[in-house]
Protein chains: 2
Amino acid sequence: VTTPPFGPGREFDRIRAFLRDLSPMPAGVLLGPGDDAAVLEPDLVISTDLAIEGVHFDLDWITPHEAGRRAAAAALSDLAAMGAAPQGLLASLALPPGSAEAGEALMSGIRARIEAFGGALLGGDLTRSPGPIFLDIVAVGRASTPLLRSGGRPGDELWVTGHLGGAAAAVRNWQAGSPPPDALRRAYADPEPRILPALWLVGRECARAAIDLSDGLAGDAAHLAAASGLRVELDAASIPFHPGLAGVEGALELALHGGDDYELLFACRPGALSPEGVEEFRRTFDLEVTRVGLLTTGKGVVLSPADGGPARPVVRGGYDHFHDER
Amino acid sequence: VTTPPFGPGREFDRIRAFLRDLSPMPAGVLLGPGDDAAVLEPDLVISTDLAIEGVHFDLDWITPHEAGRRAAAAALSDLAAMGAAPQGLLASLALPPGSAEAGEALMSGIRARIEAFGGALLGGDLTRSPGPIFLDIVAVGRASTPLLRSGGRPGDELWVTGHLGGAAAAVRNWQAGSPPPDALRRAYADPEPRILPALWLVGRECARAAIDLSDGLAGDAAHLAAASGLRVELDAASIPFHPGLAGVEGALELALHGGDDYELLFACRPGALSPEGVEEFRRTFDLEVTRVGLLTTGKGVVLSPADGGPARPVVRGGYDHFHDER
């Protein structure tokens with residue numbers, strides 16, 4: 001959910017440790033912290049996502065309307081990762097003086113995103129900010145059989161939707177002072193939460209564990225590996241790079257550690273996603289789906305390089321924050 | 001939910017208007033924006049509450065642990081106003097550099113508050129802040145018959161729990177540069193969300209509309225009046241001032257417009273709360289419950305002064321923010 005260059009580093013490790021040590025969940029709570037969202041009986045899925053000016057978005061890069069759309073997409077992406085259908089969003093917004101117009105544009109972007117899925121803005125909070133624009137979006141959906149990060153089994157195939165690295169490439173452009181090409185800009189400014197593809201995959205029993213790619217493939221694969229108690233083996237040659245990365249230096253690094261793609265990484269029973277299934281998925285959603293590796297016994301994430309050398313551990317990149325403790 | 005001196009004024013009126021004009025709610029949503037919380041089938045109650053350093057709390061006044069407790073109490077107070085039993089909280093926290101210890105104390109305060117009600121921390125988000133400490137707390141509860149602001153009927157009695165004005169008096173002390181006496185400090189630093197009293201009132205059918213007092217009696221009464229399509233008539237002589245306000249100048253003003261009390265204002269059918277019921281309530285909760293007025297046809301809020309003069313409109317005070325549009 002975050003733009004990698006601004007990571008808080010190890011400073012928050014104690015808070016994460018503190019949150020990991022949680023008391024048992026009360027009756028009525030099916031799933032507490034540690035996944036993309038919490039799940040409450042009978043089928044309610046709830047997630048919360050911060051979007052802070054100067055951390056998660058920059059109004060020199062995108063418009064306030066886009067920032068709202070993007071923050072809502074990031075929140076909805078958590079629902080996609082749970083295989084949940086959206087019901088609505090709640091938006092808490094703090095605005096510095098003089099930014100009421102930006103606030104209205106943000107809210108219109110948020111509304112557009114949720115209403116496109118038949119959901120609604122269910123509420124929120126609004127106040128002034130003595131700092132930058134602060135936004136927290138609560139996503140609420142329903143899933144009768146939620147997809148957990150912990151559902152992977154040894155031998156499962158790992159797949160990703162769409163293409164990776166485009167958003168991070170756009171950020172790199174902006175940070176170097178040059179506006180990104182349109183295709184990369186779009187990848188960053190207007191990611192598409194993979195709600196319908198996720199529902200399709202759940203409906204056909206083609207996914208039994210999933211996470212959305214907010215921190216980069218390597219970091220999010222590590223979350224899925226840890227939650228499933230397994231090792232992720234990635235194959236660099238199969239990673240579907242964003243077309244805008246053709247000829248761009250460091251494409252692998254951007255895909256592995258760049259973040260902000262909001263594609264899905266999911267595990268499925270070997271063969272569950274047949275070639276015909278892949279074809280139908282692509283036709284239905286006009287979206288790639290690519291096998292990038294598998295789950296094996298062990299821990300961590302290893303990568304087989306495209307040049308055929310031995311698999312080696314991937315140093316965890318991406319943005320290490322409380323998200324994985326949810 | 002907010003400290004009144006920091007109101008955003010009229011600047012956000014357009015955003016509020018924009019949010020008021022919402023599309024119809026999707027199936028599965030029983031109640032959208034406009035009350036203390038949203039309600040989703042079958043009985044889920046969800047609210048979100050901002051708590052921002054320098055707006056809602058000041059670490060020169062209270063400790064980080066207290067700030068966490070207080071923010072959680074404010075969020076839980078929304079559940080109380082809906083007659084809901086808490087299930088859990090999600091906490092989104094943004095911390096400036098060097099404040100990891102304060103963050104841990106905040107989170108421990110939040111956990112203490114929710115765990116005391118048998119609920120749990122269900123998740124959240126954690127990132128760095130380029131400004132002050134920014135906290136958004138999502139409260140999730142259950143209510144089979146939620147108490148709405150709109151449930152009032154003409155002739156209903158209006159009651160409040162506890163005592164009013166203490167928290168605002170403490171704020172006035174701090175702002176004048178002198179620490180408040182202990183009792184006032186406690187009223188501000190550690191408000192008690194009226195969860196169990198609310199459940200008691202719902203269970204005995206002694207409340208059919210309610211709101212929590214975050215903006216001050218006048219402002220929150222105005223919300224209840226507007227939602228019920230009625231007029232609130234308050235009797236100044238009956239307002240239960242905080243004991244720490246004895247001899248304090250401007251006590252009425254503090255109770256009406258001060259905010260931060262987190263007591264309940266509720267409407268009940270005439271006679272539904274009998275003298276015996278009042279006695280039992282006081283004994284059970286060691287808490288006052290006081291009749292302060294009634295609902296009549298009309299609109300707005302009028303106050304009969306303690307000196308017996310004619311009732312006059314109360315200019316809406318308190319902190320006018322998006323809270324009422326939720």
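This short talk goes through a predicted model, taking the chain pair, one helix pair and a few backbone details.

Ground rules first. The model is predicted, so local features need pLDDT of at least 70 and side-chain atom pairs count only at pLDDT 80 or more, while totals for chains, interfaces and linings use all residues. Residues are numbered from 1 along each chain as its sequence is written, chains are lettered from A and ligands numbered from 1 in the order in which they are written, and side-chain values use heavy atoms, with hydrogens and water left out.

Now the two chains. A turn of 180° and a shift of 0.0 Å along the axis lay chain A on chain B, with an RMSD of 0.0 Å. That superposition is by least squares on C-alpha atoms of residues with pLDDT of at least 70 in both copies. The two copies are therefore related as by a two-fold rotation axis. Which C-alpha of chain A is nearest the axis? That of A:G131, 2.3 Å from it. Both copies use the same surface: 99% of the contact residues of chain A recur in chain B. Contact here means heavy atoms within 4.5 Å.

Next, a helix pair in chain A. Helix α6 spans residues 195-203, and helix α9 spans residues 275-285. Helices are DSSP runs of H or I, at least four residues; strands are E runs, at least two; both are numbered from the N terminus. The two axes come within 11 Å and cross at roughly 150°. Axes are lines fitted to C-alpha atoms, for helices over the stretch in contact, and angles run from 0 to 180 degrees between N-to-C directions. So α6(A) is roughly antiparallel to α9(A), a label for angles over 145 degrees. From α6(A), the contact uses A:L196, A:P197, A:W200 and A:L201. From α9(A), it uses A:G277, A:E280, A:F281, A:T284 and A:F285.

Backbone details now. The peptide bond from A:E41 to A:P42 is cis, omega near 0°. A:P42 sits in the loop between β2 (38-40) and β3 (44-52) of chain A. In chain B, the bond from B:E41 to B:P42 is cis, again with omega near 0°.

Last, positive phi outside glycine. A:E205 has phi near 55°. Its place is the loop between α6 and β8 (209-212) of chain A. Buried or exposed? A:E205 counts as exposed (over 50% relative accessible area, 1.4 Å probe, protein chains only), because its relative accessibility is 60%. B:D286 has a positive phi of about 50°. At 71% relative accessibility, B:D286 counts as exposed.

Terms used: Parallel < 35°, antiparallel > 145°, perpendicular 65-115°, else oblique. Buried < 20%, exposed > 50% of the residue type's maximum accessible area, 1.4 Å probe, protein only.
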